[in-house]
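Colleague: Thanks for making time for this one. Could we go through the model together, one question at a time?

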Amino acid sequence: MHLLSVEHITKSYGEKLLFEDVTFGVEDGDKIGIIGVNGTGKSTFLKVIAGLEQPDSGTVSVGNRVVIRMLSQDPVFAAGETALEHVLGGDSPQLRAVQAYAAAMEAIGLNAGSEKLQQELIAANAKMDELDAWGLENEAKTALSKLGIYDHGAKVETMSGGQRKRVAMAAAMLLPSDVLILDEPTNHIDNESVAWLEGMLQKRRGALLMITHDRYFLDRVSNRVIELDRGQAHFYQANYSRFLELKLEREEREAASEAKRQNLLRNELAWIRRGAKARTTKQKARIDRFEALKAAGPKGADGKLELSVASSRLGKKIVEAEDVGKSYGDRQLFAGFSYISVPEDRVGIVGRNGSGKSTLLRILAGKIEPDEGTVERGLTVKLGWFSQEREEMDESLRVIEYIREDAEQVKTADGTTISAGQMLERFLFPPALQWSPISKLSGGEKRRLQLLRVLMNAPNVLLLDEPTNDLDIATLTVLEDYLDDFPGVVFVVSHDRYFLDRTVDRIIAFEEGGVITQHTGNYSEYREYAEKRSAAGAGGGSPAVSGGGGNSSKPGGFAGGAGPGANAGKASGSASGASSAQGGAAASGSSGRERALKMSYKDQKDYEAIDGWIAEAEEELSAVAEEMEAASSDSVRLQELAAKQQQLEEKLESLMERWTELNLLAEEIAAQKKG
């Protein structure tokens, strides 16, 4: 079903062209990701489609009875309303029925003997039946809870900016719409909420347009991508992974075309320089051709984002935390946290919103003091603090003034020195933009500027608090590459699963009950371990160390407990692998002798066949990928294939887990026999 048409829309702000002559349609089932460098006009693009802003030219045509809802970055709320009231405060028939029923119940409670009110309650009850609206309030509460809002009666005006955004998102998910528009929906929500939202949007009917920097989210939810680049829109019938392949192919074609144009231009230029006379028609045509070739060059590029900044030497002692605890009022966030950082540490800090992640990072940075315990930083430590908020930016300053507050000259990684203005150009702030007030920048441009200033100070310990919020994918990719070569230590609080997988090799996880656990590995490996531990019914406390993490005698590990109940239980990283073996994993018997390990009949059969099963699954995935490419213009078929692809990926993941489990068991059996 065709829902809306965008025809030849163009939008500029002053002299800056955001997008030009963009045309496309949106069908039922389309899930479209909008990507591009910060400042290219992505949010404005969505606002034009939603009818909140008018284009300079062109039209947006919406089908009859098509409902469009947009979750903006700055949602508006009524004064005094609660979170639940906002979510249930829409204008759909079901929501109006819920509101009428609630009002009738309240009125009858004040005057139970009124026959008129009794009739109104009966009518409201019948309307609830007719519209099947009884489960709506429960759905609203579930959505709020899944997004980390547990006090449904709290006044929205008392909440933080991130909490307000989540309340608005719950409302957007609950209210019926044909086209849902989301601007950075994964900002300000934790990893578990992102996973829930991802599942909801995958199942949701209708169409979806969204801006997001979360590459896993974009890859799993979208089936179309629109890239805004230098005023042009490029369209891809693909998810994010396939988009990267198609974009590379497009850029290679454009590069080949540009090389051919440059070669022709060189030939024409040589002819012109030989002294062409413009008297004859033929010669005039040749000169015109030269001018046309010059004009046909690529549009002024935004430039390539470059991040090349020096860092300071780091000594042996870096950051050491011992028995650190913090409480707010009667609520204890964590206690007994100890950690010794080592050179080139890459530590991700994860957990639910409000669990204390940012508080811990602030304590490590010396921004706030712990209630108990100590944090010591080495004499050579030079901290780089990149916060969630822009509270340290004076937005009345011009861009170049903000950078020059720290340094007029910047030392790059190769030892050369460049001016602040040159560094700004490398970070995609052209000279004209450098003299703009910071207040005129987009949210993403402000974040990019803030990041540049942090790195210009040549830190050797980086503390990044939600660095992916508002940064575009291009900037994140460059930051990830920078961290690959960064010789210092990095602590990062993030909900971006891709960024964590890409940059960290150790996880500090805030879990239930104020427990902090450590896992050696990236975020996906930690989640896999945590899910296996949960499935195995690990009770009591969580393991203080998992997957080969450190302890008090090893650097880079906890030097003690990590919160209440941290030592209540211990589990080895291979426990799940041994769970399928007869007799358990090297469990000790009552006599104290080690029980012999062996494979069950099912384990043995699986062990013999697992490689073939994995090969078959990989072949099926490859075949589906080819079908998706062939069906790139058929959105319905593409959706079916995307669902099939997801099932096969889950099947392959399960097989790989089983392969790992069986091979671990086989290795343990072989080692036991040798012993």
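Colleague: Let me start with E466: is it buried or exposed?

Modeller: Happy to start there, and keep in mind that this is a predicted model. E466 sits in the loop between β17 (461–465) and α16 (473–485), and it has a positive phi of about 50 degrees although it is not a glycine. The cut-off for buried is under 20% relative accessible area. E466 has 7% relative accessibility, so it counts as buried.

Colleague: R230 also has a positive phi; how accessible is that residue?

Modeller: R230 is not a glycine either, and its phi is near 55 degrees. Its place is the loop between β8 (224–229) and β9 (232–236). Since buried means under 20% and exposed over 50%, R230 falls in between as partly exposed, with a relative accessible area of 31%.

Colleague: How confident is the predictor in the chain, on average?

Modeller: Confidence varies along the sequence, so let me give the weak stretch too: pLDDT stays under 50 over residues 538–594. For that stretch the model still has 119 contacts beyond four places in sequence, and I would quote them together with the low pLDDT. Across the chain, 82% of residues reach 70 or more, and the mean pLDDT is 79.Colleague: Which helix gives the most to the largest nonpolar core?

Modeller: That core has 48 residues, and those with the most contacts inside it are V87, L144, V167, L197 and L201. Eight residues of the core come from a single helix, which gives the most: α6 (residues 161–174).

Colleague: Why does this core lie between two domains, and which are they?

Modeller: The reason is in where its residues come from. Both domains give residues to the core, so it lies between them: domain 1 (1–67 + 178–237) and domain 2 (77–176).

Colleague: Which residues does V167 touch, beyond four places in sequence?

Modeller: V167 is one of the residues with the most contacts inside the largest core. Leaving out residues up to four places away, V167 touches F77, A83, H86, V87, L144, I149, V156 and M159.

Colleague: How many residues are in the second, separate core?

Modeller: Among its members are A420, L449, M456 and V490. The count for this second core is 42 residues.

Colleague: How many residues of α15 are buried?

Modeller: Helix α15 covers residues 443–456 and reaches 20 Å from its first C-alpha to its last, close to the 20 Å expected at 1.5 Å a residue. Just after α15, A458 takes a positive phi of about 55 degrees. The helix is mostly covered, and the buried count is 13 of its 14 residues.

Colleague: And α7, which of its residues are buried?

Modeller: Helix α7 (residues 191–203) has 13 residues and spans 19 Å between its end C-alpha atoms, close to the 18 Å expected. Its buried residues are N191, S193, V194, W196, L197, E198, G199 and L201.

Colleague: What separates the C-alpha atoms of S358 and V493?

Modeller: S358 belongs to helix α11 (residues 357–365). Leaving aside neighbours within four places, S358 is in contact with Q388, D465 and V493. S358 and V493 are 135 residues apart along the chain, yet their C-alpha atoms are separated by 6.8 Å.

Colleague: To finish, what share of the chain's residues is buried?

Modeller: The chain has 21 helices and 21 strands, and it exposes about 32,800 Å², with carbon and sulfur atoms supplying 49% of that area. Of the 675 residues, the buried share is 47%.

Notes
Residues are numbered from 1 along each chain as its sequence is written. This is a predicted model: local features need pLDDT of at least 70, side-chain atom pairs count only at pLDDT 80 or more; totals for chains, interfaces and linings use all residues. Side-chain values use heavy atoms; hydrogens and water are left out. pLDDT is the predictor's confidence in each residue, from 0 to 100. Contact means heavy atoms within 4.5 Å. A nonpolar core is a set of buried Ala, Val, Leu, Ile, Met, Phe, Trp, Tyr and Cys residues joined through side-chain atoms within 4.5 Å. Buried means under 20% relative accessible area, exposed over 50%, partly exposed in between (1.4 Å probe, protein chains only). Helices (H or I, at least four residues) and strands (E, at least two) are DSSP runs, numbered from the N terminus. Domain bounds come from an automatic or database domain assignment. The expected span of a helix is 1.5 Å times one less than its number of residues. Accessible areas come from the Shrake-Rupley method with a 1.4 Å probe; for residues, only the protein chains shown count as cover.
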